Amino acid sequence: MAIRQIYKVGDDVLRMVSKPVTEFDDKLSELMDDMIDTLIYADGAGLAAPQVGVSKRIFVATFDGGNTIIEAVNPVIVKTKGKRVAPEGCLSIPKISEKVERPRQVVVHAFDRHGNPIELRASGFNAACFCHEIDHLDGILFTDKSVRK
């Protein structure tokens, strides 16, 4: 396990549409372990693979400092409910915070690191985090969606 470099706004990988994961192997597990270590080290809530220079559809998240880790491979938002406008930040865009409108609740279908299907349900901040990380997988940054009033 290792701490990886977090790519910053302006790096091309952050604007690419990530490729689906097709092999659930040791290489994937190593990447996900590194992403978790990097996320905890950087004291973030979520981290998508493009943020560590890998154009694959993967994100990890933690909302309690690393005690609980959420892992999602090939995540897809299948249901949303409500709206929420709140400030967001990003490890790839340091020192910037802008308000973004996101769903209040989401249901995400994904796979774990072993290829088993999982369903993630979230609301409030956690739902926004999942949406934010999935946007990264499509080359979208939160500043693209900021609500400027």
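**Close-up views of the predicted model**

**View 1. An aromatic pair and the cluster around it.** Searching the whole structure yields four aromatic pairs, where rings of Phe, Tyr and Trp (its six-membered ring) pair if their centres lie within 6.5 Å, planes under 30 degrees apart counting as stacked, over 60 as edge-to-face and the rest as tilted. This is a predicted model, in which local features need pLDDT of at least 70 and side-chain atom pairs count only at pLDDT 80 or more, whereas totals for chains, interfaces and linings use all residues. Residues are numbered from 1 along each chain as its sequence is written, and side-chain values use heavy atoms, with hydrogens and water left out. F63 and F125 form an edge-to-face pair, with 6.0 Å from centre to centre and 85° between the planes. The pair links distant parts of the chain, since F63 belongs to the loop between β2 and β3 and F125 to helix α2, 62 residues apart; helices (H or I, at least four residues) and strands (E, at least two) are DSSP runs, numbered from the N terminus. F63 counts as partly exposed because its relative accessibility is 29%, and F125 counts as partly exposed because its value is 45%, with buried meaning under 20% relative accessible area, exposed over 50% and partly exposed in between (1.4 Å probe, protein chains only). F59, F63, F125 and F130 together make up one aromatic cluster.

**View 2. The open sheet and its strand order.** The sheet is open and consists of five strands in the order β1-β2-β3-β6-β7, with antiparallel pairing; two strands pair if DSSP finds at least two bridges between them. At the edges lie β1 (46–48) and β7 (117–123), each of which pairs on one side only. From one strand to the next the twist averages 40°, axes being lines fitted to C-alpha atoms, for helices over the stretch in contact, with angles running from 0 to 180 degrees between N-to-C directions. Helix α1 (residues 26–42) packs on the sheet and touches β1, β2 (58–61) and β3, its direction making about 40° with that of β2, where contact means heavy atoms within 4.5 Å.

**View 3. Strand β2 and its partners, with the β3–β6 pairing.** Three bridges connect β1 and β2 in the antiparallel sense, and the bridge partner of A48 in β2 is F59. On to β3, β2 is joined by four bridges, again with the two strands running antiparallel, and I58 stands opposite V73 in β3. From β2, I58 and V60 point one way while F59 and A61 point the other way, and all are buried. Strand β3 (residues 70–81) is in turn joined by six bridges to the antiparallel strand β6 (residues 105–111), and here I77 faces V108 in β6.

**View 4. Helix α2 across the sheet.** Helix α2 (residues 124–137) lies across β1, β2, β3, β6 and β7 and runs at about 125° to β7. Its 14 residues reach 21 Å from the first C-alpha to the last, close to the 20 Å expected at 1.5 Å a residue, the expected span being 1.5 Å times one less than the number of residues. Because 12 of the 14 residues of α2 are buried, the helix is largely enclosed by the rest of the structure; the buried residues include G124, F130, H132, E133 and L137.

**View 5. G139 after the helix.** G139 follows α2 and has a positive phi, near 75°. Its relative accessible area of 8% means that G139 is buried. Apart from neighbours within four places in sequence, G139 is in contact with L14, R15, M16 and D144. G139 and M35, 104 residues apart in sequence, are 18 Å apart in space, C-alpha to C-alpha.

**View 6. Cysteines without a disulfide.** The search of the whole structure finds zero disulfides, a disulfide being a pair of cysteine sulfur atoms within 2.5 Å. For C90 the closest cysteine sulfur, in C129, is 10 Å away, too far for a bond, and C90 counts as buried at 12% relative accessibility. For C131 the closest cysteine sulfur is also in C129, at 9.2 Å, again too far for a bond; C131 is buried, with a relative accessible area of 5%.

**View 7. T22 before helix α1.** T22 is placed in the segment before α1 and is exposed, with a relative accessible area of 67%. The C-alpha atoms of T22 and K56 are separated by 9.7 Å, the two residues being 34 residues apart along the chain.
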